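Please open the model in a viewer and keep the selection tool at hand. The tour proceeds from one selection to the next.

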Amino acid sequence: MDPTKMGLGRSIAVLTSGGDAQGMNAAVRATVRVGLYTGAKVYFVHEGYQGLVDGGENIRPATWESVSMMLQLGGTVIGSARCMDFRSREGRMKAACNLVKLGITNLCVIGGDGSLTGANQFRTEWSGLLADLVRADKITDQEAKKSSHLNIVGMVGSIDNDFCGTDMTIGTDSALHRIIEVVDAITTTAQSHQRTFILEVMGRHCGYLALVTALACGADWVFIPEMPPDENWENHLCRRLTDQRARGSRLNVIIVAEGAISRDGKPITSDQIKKLVTDRLGFDTRTTTLGHVQRGGTPSAFDRILGSRMGVEAVMALLEATPDTPACVVSLSGNQAIRLPLMECVQVTKDVTAAMSQGKFEDAIKLRGKSFENNWNTYKLLAHINPPDVKSNINVAIMNIGAPCAGMNSAVRAAVRIGIIQGHSMLAVHDGFDGLAHGQIEPITWNSVSGWTGKGGSVLGTKRTLPGKLLEEISQNIAKFNIHALVIIGGFEAYVGGLELVQAREKYEEMCIPMVVIPATVSNNVPGSDFSIGADTALNTITSTCDRIKQSAAGTKRRVFIVETMGGYCGYLATMAGLAAGADAAYIYEEKFSIRDLETNVEHLVEKMKTTVKRGLILRNENCNSNYTTDFIFNLYSEEGKGIFDCRKNVLGHMQQGGTPTPFDRNFGTKMGAKSVLWLTDKLKECYRHGRIFANTPDSACVLGMKKRALTFQPLAELRADTDFERRIPRTQWWLKIRPIMKILAKYDIKLDTSEHADMEHVFNKTGSFKK
């Protein structure tokens, strides 16, 4: 079916309800624009369910331009309110009457589990409400017949990430950005005075924010409602804090979720912890409660993309719904948008609360989903285990290769600490393969990596040199320093370097050791992984710069900015930043374009200048075309736009590689670093023969990557076929499927491929044992 005609004759209303969350506006904007693109009429419902009940001016038609400049705003522009009226049947009758009068039978609700449960109840009662309205002469039989069925699709907007069935709810990533900004600021002052800081974050029933914050800043302890501390935790906590100080640490950080409880269900407050630490240890202790700061501010790039993708999927789900499909919620699993039955998700979310109140805490963590469980396990490994007295006699070397990026240090820190916990001796290799060849190798300890999660760049030092010409020296140093396994953290050079070492195994026996490559590059161009460490930080840098540029363009009117991004031949940054910043076009190497396309884009901007939105933003990947350079495109647009708009150009350059890592990159780096060393430990056991390590099978040298929904190890040799070595990119890239969304949101008349649409899935596949 032609997607531009799917919505003809239909009306969609969009509302935001419950607590606000950053990224809701991106979801509203996408719902409106994709709705209009399909030919449907779209309405805003202002002030949530209250507006639905009050009707009148609260329900207004939305236009393309009315959602312009919304993307970068926090909160929700159409307003949200806690609504008591909607809880009564009388209130819901008024709401139904308002919708019927406007012929709206499709409702898109963005909110938390309470708002979505309310929407589902509204839908189940719909025919009853209409019957009552006909009886009361509020609507005619004809109107009732025309609106006989209500479709509902939910998107979860909640900073707590407390909804089961989705990896991330809209707003969670932005809330983490706010928290980490504060943690970074507090750490510097705490270090100056050797203080202990207790930080209270939001999360009344869900410890996600607290848990990820603890992982991302390397906190000494975290209190979350899902997993209260064991009996006698007070002694344990004090022992831990004293140990850390004895190891030379100048500060302690404790993270508390506002809903933290003890085993017997009593609240654990930050003041209580402060009193304990001050009385028992005499440490100078301060508490900070973050409060509503976490809800505020501009949405992160991740939340804008998440909101936009979910908005598109929500409109498709509404228009494809039949009276028999259950109300669904659009959610995220790995990097895929999926649809789940709303009430199944609500049920599992309730099951978590039930499990917690019954003291079944292990179940609560499982029900929260895979991502939560992985975070918890990584946290436990890194925080709660003391290094063993018995050594394994294994030496693991860690190195950074290629260009620096934010998050590399998180991966190094986690790898070093997990290695030490496993009893290994860890070695730091400075300056990449050069350092490995020239013996710049030294032991690295537990303490030498403290505070590394928040550091940008590469502390170990990194170079682009490949090992091919240094194999002789490298093999000698592997023997000299008795290296048994290798962790290579870096971009495309790390991948190619790994391949060269594997090839060299035929000639050099020293190379027959287990190796793992962890993708870390702003370009996100390493085969075997959908994401690489550092790309999220670069994306946020580009997005916030584009926000400022758009503001400048909006001020001067009739101005088009052309912005060049990094990425080598990989168009990931340009595409995703285009979606997050609301660009009019993003030129990339993977999608060929001709002078005709450039012409179309110029005409598109000329048309746009006739509307109220008098500005343009064009992104260009640095290597998208050797002839259509940034200067060429700038000159072309300047000439063609004469008298209609003027142009400016901006090359972002190396600022994209710098900066402190985002929460995503810290967390991702930490999980990857930890997982890589656990895998190496298992591999070393497999490869141990006759008193020595010998690894020469393809699966003993792998790339650790994020594939769709899981972290997986793929043999370097197997990834060759999927690599374009000349252009340094993978041959298949998942994010190319998202490009049409960007064009539709920029009002291009193109066909959205709906053949790959998400079918309804079920929640319980993930938890296995919890089938009720």
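**Salt bridges and a mixed sheet**

Begin by selecting Glu 125, which is buried, with a relative accessible area of 16%; buried means under 20% relative accessible area, exposed over 50%, and partly exposed in between (1.4 Å probe, protein chains only). This is a predicted model, in which local features need pLDDT of at least 70 and side-chain atom pairs count only at pLDDT 80 or more, while totals for chains, interfaces and linings use all residues. Residues are numbered from 1 along each chain as its sequence is written, and side-chain values use heavy atoms, with hydrogens and water left out.

Next, add Arg 89, which forms a salt bridge with Glu 125, the closest N and O atoms being 4.0 Å apart. A salt bridge is a side-chain nitrogen of Lys or Arg within 4 Å of a carboxyl oxygen of Asp or Glu. The pair links distant parts of the chain, 36 residues apart: Arg 89 belongs to helix H3 (residues 89-102) and Glu 125 to helix H4 (residues 113-135). Helices (H or I, at least four residues) and strands (E, at least two) are DSSP runs, numbered from the N terminus. Arg 89 is partly exposed, at a relative accessible area of 36%. Extend the selection to Arg 92, Asp 132 and Arg 135, which are linked with Arg 89 and Glu 125 in a network of salt bridges. In total, the structure holds 36 salt bridges.

Move then to Lys 608 and Asp 584, whose closest N and O atoms are 2.8 Å apart in another salt bridge. Lys 608 lies in helix H20 (residues 595-608) and Asp 584 in the loop between helix H19 (572-581) and strand S19 (585-587), so the pair ties together parts that are 24 residues apart in sequence. Both Lys 608 and Asp 584 are buried.

Finally, display the open sheet of 7 strands, ordered S3-S2-S1-S4-S5-S10-S11 with mixed pairing; two strands pair if DSSP finds at least two bridges between them. At its edges are strand S3 (59-61) and strand S11 (336-341), each pairing on one side only. From one strand to the next, the twist averages 25 degrees. Strand S2 (residues 41-45) and S3 pair in the antiparallel sense over 3 bridges. Select Val 45 to find its bridge partner in S3, Ile 59.

Notes: Axes fitted to C-alpha atoms, helices over the stretch in contact; angles between N-to-C directions.
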